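Trainee: Got a minute to go over the charged pairs in this one?
Mentor: Sure, put it up and ask away.
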Amino acid sequence: MRVLVTGARGFVGTALVNRLTQRQHQVAAIDRDELDVCDASSVDAFVKAQPPDAVVHLAGQSSVARSFADPVGTYRSNVLGTVCVLAAVQRHAPTARVVVASSAEVYGRVGPGELPVHELHPTRPANPYGGSKLAMETAALQYRDALGLDVIVARSFNAVGPGQSIDFAIPSFAAQLAAISRGDAEPVLRVGNLDVTRDLIDVRDAACALDTLATEGVPSGVYNICAETGVSIQAALDELVRLSGLQVVVVPDPTRMRPVDIPVMVGSAGRLRAATGFEPRVPLEQSLADLLASV
């Protein structure tokens, strides 16, 4: 199959392109250094020249912290960019399967009795990033319901592993530990809020799920991509420190704190498992070890 991947050089995009290539799919890649997905005419020309059989739309602004600093840019990138891609596919490849990458952030604050979160759970995003992703989902599902485009919404939980930007907490810890290990920094680790729990899934497992949703003809709709296990950020930090073999002092850094933080987020992947047989394969310890080795 010819698979169009936007955001192809990003964290998840790189893992997905590697997997698709290994499975002998032909990949047409869009990356922000080459093409702005918010430029409707450029996206249209690209899709017209290389009509895909499937699309995985990953491009966009992916940082919750950055969304507070630049909410307008976040909505522009995540909503307008998605509409530009959908419009081009509808015009030039109307039978293509389109997987749009959303986020568990659309669920917002979830009470302990509401876990694990399933796809029918109410959406009440608590930050501009989550709001932009919910608006993106609305646009994508309108293309499905009004125009018949074959759309899947993939709500990814927290991917982790080699290649992730240090804008995010866990790779930031790894990068600081690597600098300390090299002697480039004092043995002080600066952190944000460690008292939150997240559903951490290896980036290669997330790529596997996206590949399957795009290429295996599963029913359209909304799917969670998650490991179904809650891990505190404190526990992830402790494991990275253990793997590093270093003695460090952990110091809270107010600049790393978010205005609003969701205390606990754990998902249910039952719908994905029923449709595809998907099971995460990479243990968190391996994800963290590979991350630390890559920085």
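Trainee: Which residue does arginine 204 form a salt bridge with?
Mentor: Aspartate 202. Keep in mind that this is a predicted model. In it, the closest N and O atoms of the two residues are 2.8 Å apart.
Trainee: Is aspartate 202 buried or exposed?
Mentor: Aspartate 202 is buried, at 2% relative accessibility. Arginine 204 is partly exposed, with a relative accessible area of 33%.
Trainee: Next one. What does glutamate 228 meet in a salt bridge?
Mentor: The side chain of arginine 273, at 2.8 Å from N to O.
Trainee: Which parts does that pair tie together?
Mentor: Glutamate 228 sits in the loop between β9 (221-225) and β10 (230-232), and arginine 273 is in helix α9 (residues 270-276), so the salt bridge ties together parts that are 45 residues apart in sequence. Glutamate 228 is partly exposed, at 31% relative accessible area, and arginine 273 is partly exposed too, at 29%.
Trainee: And what's the N to O distance for aspartate 261 and arginine 258?
Mentor: It is 3.4 Å in that salt bridge. Aspartate 261 is buried, with a relative accessible area of 18%, while arginine 258 is partly exposed at 31%.
Trainee: Which residues are joined into one network by salt bridges that share partners?
Mentor: Arg19, Arg23, Asp211 and Glu216.
Trainee: How many salt bridges are there in the whole structure?
Mentor: A search finds 20.

Technical notes: Residues are numbered from 1 along each chain as its sequence is written. This is a predicted model: local features need pLDDT of at least 70, side-chain atom pairs count only at pLDDT 80 or more; totals for chains, interfaces and linings use all residues. Side-chain values use heavy atoms; hydrogens and water are left out. A salt bridge is a side-chain nitrogen of Lys or Arg within 4 Å of a carboxyl oxygen of Asp or Glu. Buried means under 20% relative accessible area, exposed over 50%, partly exposed in between (1.4 Å probe, protein chains only). Helices (H or I, at least four residues) and strands (E, at least two) are DSSP runs, numbered from the N terminus.
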